[in-house]
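Trainee: I should like to go through this model with you, one question at a time. May we begin once it is displayed?

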Amino acid sequence: MSTVDLGLPSLPGGLRGVPAATEPQNRKEYVSDQEVRWCPGCGDYAVLAAFQGFLPELGIKRENVAMVSGIGCSSRFPYYLSTYGMHSIHGRAPAIATGLAVARPDLSVWVVTGDGDALSIGGNHLIHTLRRNVNLKILLFNNRIYGLTKGQYSPTSEPGKVTKSTPMGSVDNPFNPVSLALGAEATFVARTVDSDRKHLTSVLRAAAEHRGTAFVEIYQNCPIFNDNAFEAFKDPETRDDAIIPLVHGEPIRFGTDGHLGVVRDGFASLAVREVAELPGGEADLVVHDAHTEDPAYAFALSRLTDAGVLHRAPIGVFRSVERPAYDDLVRQQITTAQETQGTGDLQALVTGADTWTIN
Amino acid sequence: MPTRRPDDPSFDLEMKRTVTIEVKQLDRVVIRFAGDSGDGMQLTGDRFTAETASFGNDLSTLPNFPAEIRAPAGTLPGVSSFQLHFADHDILTPGDAPDVLIAMNPAALKANLKDVPRGATLIVDTADFTARNLKRIGYDENPLETGELDAYHLIPLNLTGMTVESVKEFGLTRKDASRAKNMYALGLVSWLFQRPVESTITFLETKFAGKPDIRDANIAAFRAGYNFGETAEEFSVRYEVKPASMAAGTYRNISGNLALAYGLVAGAQRAGLPLVLGAYPITPASDVLHELSKLKRFNVTTVQAEDEIAGIGAALGASFGGALGVTTSSGPGISLKSETIGLGVMLELPLVICDIQRAGPSTGMPTKTEQADLLQVMFGRNGEAPLPVLAAQSPADCFAIAVEAARIAITYRTPVIVLSDGYLANGSEPWQIPVVADLPAIDPNFTLEPNATNDKGEPTYLPYLRDPETLARAWAVPGTAGLDHRIGGLEKEDKTGNISYDPANHDLMIRTRQAKVDGVDVPPIEVDDPDGTAKVLVLGWGSTYGPIGAGVRRVRTVGGKIAHAHLRHLNPFPENLGDVLRSYDKVLVPEMNLGQLAMLLRAKYLVDVVSYAQVRGMPLGAAELAEVIGNLVEETEGIDDDARHMGEAAASLTHGEALHTQPNGRTNGHTNGQLHHPEGAR
Ligand SMILES: Cc1ncc(C[n+]2csc(CCOP(=O)(O)OP(=O)(O)O)c2C)c(N)n1
Ligand code: SF4
Ligand SMILES: [Mg+2]
């Protein structure tokens with residue numbers, strides 16, 4: 001097992017403890033020899049390409065990257081990267097990655113999951129990982145459908161959705177993954193889109209640098225079972241009015257010619273308004289502060305996402321705050337115990353305090 | 001209150017009104033403390049055990065507590081008890097029936113009386129025997145006064161009143177003062193059985209160090225109870241149970257769960273690996289989590305997960321990272337873990353899964369014992385998912401079995417199941433402390449370099465290339481340069497570990513995983529058959545070791561020839577098991593389930609074993625087993641003695657469990673040098 005080399009150049013918080021690469025890396029080094037088997041046109045391809053392009057820039061040793069996935073189309077992801085990887089079982093990747101992160105501070109641990117994997121069968125592990133703030137990065141590929149099992153509705157499908165298992169339309173109320181993550185008090189929550197490589201990469205970078213759990217929802221198109229679910233964000237005709245861009249320190253303003261903006265609206269709520277109709281104009285707009293301690297602000301932002309068919313949603317980093325990471329605290333306790341009690345004398349332990357001797 | 005009749009046909013603790021105190025020798029005593037769950041009976045029992053252990057008796061304990069944390073005071077469901085069997089010879093069980101019952105209230109008397117044989121001694125705290133309390137538990141009249149207890153040796157005492165009196169000077173409320181009544185009772189029985197008391201006083205000083213009032217009151221009550229025995233006319237006899245002659249060495253008392261926790265740490269340390277426990281609280285497994293949580297200095301990480309699935313997930317993730325992943329639970333939790341266990345079988349990573357069985361199905365009887373998860377852990381997974389299964393046979397054996405599990409898990413890269421149960425978990429016995437440096441070293445044998453060459457002649461790493469001897473796969477952990485690879489639950493191609501749907505490959509991999517588990521090296525089963533002429537073999541597994549051993553001794557005492565063997569390895573079975581089974585006319589398999597081992601033996605060896613199945617949530621009794629074994633021996637040997645049947649005779653023995661014959665030097669079922677009671681050696 002490799003150990004942390006303390007003489008390494010310092011890396012950003014999320015990567016602290018991970019050994020730095022000694023030489024520059026390129027995208028190809030991260031491409032595995034396995035044939036990629038997603039359907040043609042699947043959004044997963046774009047994410048994979050962006051990820052493979054992004055990993056070399058982290059500047060960490062390739063063998064210290066570990067990918068853990070659940071089950072679903074997206075969960076095949078680890079096979080296509082030449083890093084360490086585990087394709088586990090449905091919904092359980094966050095739990096498995098937690099054990100790995102706790103045991104190995106020298107790894108950059110990534111979880112790849114789907115909307116069914118993370119929010120349905122694995123919902124419990126997801127929220128508990130987020131509340132603990134384990135130092136791992138979760139990429140949730142949200143295609144609003146069960147892809148691998150051939151097209152049933154998922155916990156993010158819009159109400160009324162007609163699928164194989166809902167011929168009369170789904171009567172389930174969907175989760176908003178970002179709201180859910182914020183409800184669990186996740187310290188880093190972001191949303192991005194498969195086709196916008198630049199934005200995707202910037203979000204991945206911010207996630208990697210975050211110490212604690214980084215939760216990234218990726219809108220991912222499934223052309224086979226739920227085509228065009230995110231078309232509003234991609235079509236040049238609609239996308240400017242659809243994407244509410246979250247840029248830290250900037251007023252939240254969007255739409256063709258910036259005619260729309262986000263303002264405070266009543267108790268702990270936000271709303272989209274025509275900037276021209278605001279008394280103070282741009283000065284009335286909310287200036288995005290991802291570091292706001294109170295998750296209520298980011299939660300209010302997340303509520304600007306359409307619940308049904310998606311026409312509009314905030315994209316970017318909703319929240320990025322600091323809180324000690326679970327695995328760091330766990331290790332700190334071990335260090336403290338060893339400092340105060342010594343490294344443990346097994347013979348003394350099994351012997352205990354009350355003994356008697358027979359000659 | 002009735003006066004005790006001097007002519008009571010008392011069993012052991014016969015009372016004589018003499019002025020001088022007589023000391024009577026006993027070879028063994030079974031004592032049970034019973035009271036309300038708030039009365040501190042477990043603590044009292046623990047202290048009496050510690051005193052008894054330091055005195056040098058052999059002993060075995062059985063705590064029995066209600067599932068409710070605080071059932072209403074004074075009710076039958078609220079009764080908690082602690083039974084201790086101690087002797088001047090080696091013993092195997094906590095005893096079937098108490099010789100002495102200490103009952104702290106009417107409910108404790110009522111709930112326990114059915115287990116107490118006539119003639120036994122009842123020490124009863126009379127303070128709570130009010131009409132109202134009695135009515136509440138269904139007594140119309142005070143049983144202490146009706147004469148219905150005449151067949152017992154009844155000693156009614158106002159323990160609470162005397163306790164309050166003895167702690168007057170500390171100015172506690174009556175309620176607080178009466179809380180020390182358990183220490184008063186402990187003092188009294190410590191006097192009665194001549195137990196050394198220093199350790200209890202030291203214990204109380206430490207336990208209540210922060211509360212001087214309570215500390216002093218407890219110590220005063222304990223001393224007062226002791227002195228009461230010394231001075232009261234009721235007690236003219238004290239008893240002496242001489243130290244047992246155990247093999248030379250240093251001993252401690254240990255419970256199964258503590259031994260298991262220590263064994264897991266020892267296994268990880270012998271392998272040089274950090275230990276990561278992922279667990280979710282569940283009775284009776286939680287104490288393993290508690291104990292391991294205290295051992296951070298041994299590089300032990302404990303993750304209290306959100307559920308059992310996450311617990312095993314974290315353990316498996318840690319194993320992927322090169323640690324020893326461990327998860328501990330009980331039956332319901334094992335059900336939840338099944339899918340992840342299957343993943344562990346596919347990934348071929350070390351993982352230790354401890355199932356501290358309790359009475360099922362479903363939530364069952366959480367605080368009661370059973371061994372009905374055997375088939376679940378053997379087969380309760382989808383697909384062909386074999387894994388090694390081990391079972392501890394006594395509280396102290398939990399240590400050795402945990403070390404063995406770590407060895408197998410790491411050596412063979414496989415999940416391993418350890419079966420314990422509520423009886424072993426909470427029961428305790430003296431343990432000859434092992435020298436940890438003498439425990440086998442375990443070599444994780446990580447792969448650090450490429451282990452093959454690819455088509456292009458370049459060095460490469462094949463994660464599923466196997467050691468030809470053990471069939472263990474090559475295990476490279478993240479962080480090892482050049483050996484990055486992906487593994488998962490999808491079927492994998494031989495050697496490369498790549499995803500494969502090839503029919504022949506699947507068949508090969510299924511058979512290979514099976515062959516690996518079948519080939520785990522397991523010591524041969526040893527049979528205790530003193531002169532080699534027995535026709536009947538009694539074969540057990542798990543916690544029935546003690547009761548079966550005690551039953552076997554009883555049968556031998558009345559002249560029966562019986563062989564005894566005990567399985568600690570249930571998958572794979574020891575290689576000689578088939579031959580052993582076939583060399584006896586009859587094989588009796590007692591189990592606390594409906595015949596699960598019996599089913600496995602019949603299926604594998606085509607031997608028509610006789611199953612003795614009892615599922616009452618309680619350990620099997622020695623007398624009950626003696627009867628079953630005796631009857632089978634008689635039937636098999638064709639003995640026809642109308643006058644007295646062997647089973648009956650063996651069952652009715654009161655002192656037939658001492659080990660008096662061990663001819664020919666043949667050892668019994670112990671397969672591990674770490675165990676206490678090396679009976680064959682004596
Ligand atoms: C325990 C278990 N239940 C069900 C399945 C079947 N299953 C596999 S993937 C999946 C849903 C995947 O949906 P999602 O997580 O959204 O991933 P996608 O395929 O859309 O990327 C289901 C139900 C399984 N593999 N395991
Ligand atoms: S089914 Fe959908 S999500 Fe799955 S690979 Fe095909 S396109 Fe992608
Ligand atoms: Mg999906």
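Trainee: Which residues are around ligand 2?

Mentor: The model is a predicted one. A residue is listed here if one of its heavy atoms lies within 4 Å of the ligand. Ligand 2 is then surrounded by Trp38(A), Cys39(A), Cys42(A), Cys73(A), Asn143(A), Gln220(A), Cys222(A), Pro223(A), Ile224(A) and Phe225(A).

Trainee: How many residues of the shell around ligand 2 are nonpolar, polar and charged?

Mentor: Asn143(A) and Gln220(A) belong to the shell, and residues of their kind count as polar. The division of the shell is eight nonpolar, two polar and no charged.

Trainee: How far apart are the end C-alpha atoms of residues 71–218 of chain A?

Mentor: UniProt, in an unreviewed entry, lists this span as "domain: Thiamine pyrophosphate enzyme TPP-binding". The span is 32% helix and 19% strand. Its end C-alpha atoms are separated by 17 Å.

Trainee: Which helix of chain B gives the most residues to the largest nonpolar core?

Mentor: That core has 158 residues, and Leu264(B) is one of those with the most contacts inside it. Beyond its neighbours within four places in sequence, Leu264(B) is in contact with residues including Leu275(B), Val326(B) and Ala402(B). With 11 residues, the greatest contribution to the core comes from helix α15 (residues 397–412).

Trainee: What distance separates the C-alpha centres of domain 1 and domain 3 of chain B?

Mentor: The domain assignment places domain 1 of chain B at 22–241 and domain 3 at 445–521. Their C-alpha centres lie apart by 60 Å.

Note on methods. Residues numbered from 1 in each chain as written. Chains lettered and ligands numbered in written order. Predicted model: local features only at pLDDT ≥ 70, side-chain atom pairs only at ≥ 80, totals over all residues. Heavy atoms only, no water. UniProt positions renumbered as here; feature names shortened; annotations may be inferred. Helix = DSSP H or I, 4+ residues; strand = E, 2+ residues; numbered from the N terminus. Core = buried A, V, L, I, M, F, W, Y, C linked by side-chain atoms within 4.5 Å. Buried < 20%, exposed > 50% of the residue type's maximum accessible area, 1.4 Å probe, protein only. Contact = heavy atoms within 4.5 Å. Domains from an automatic or database assignment.
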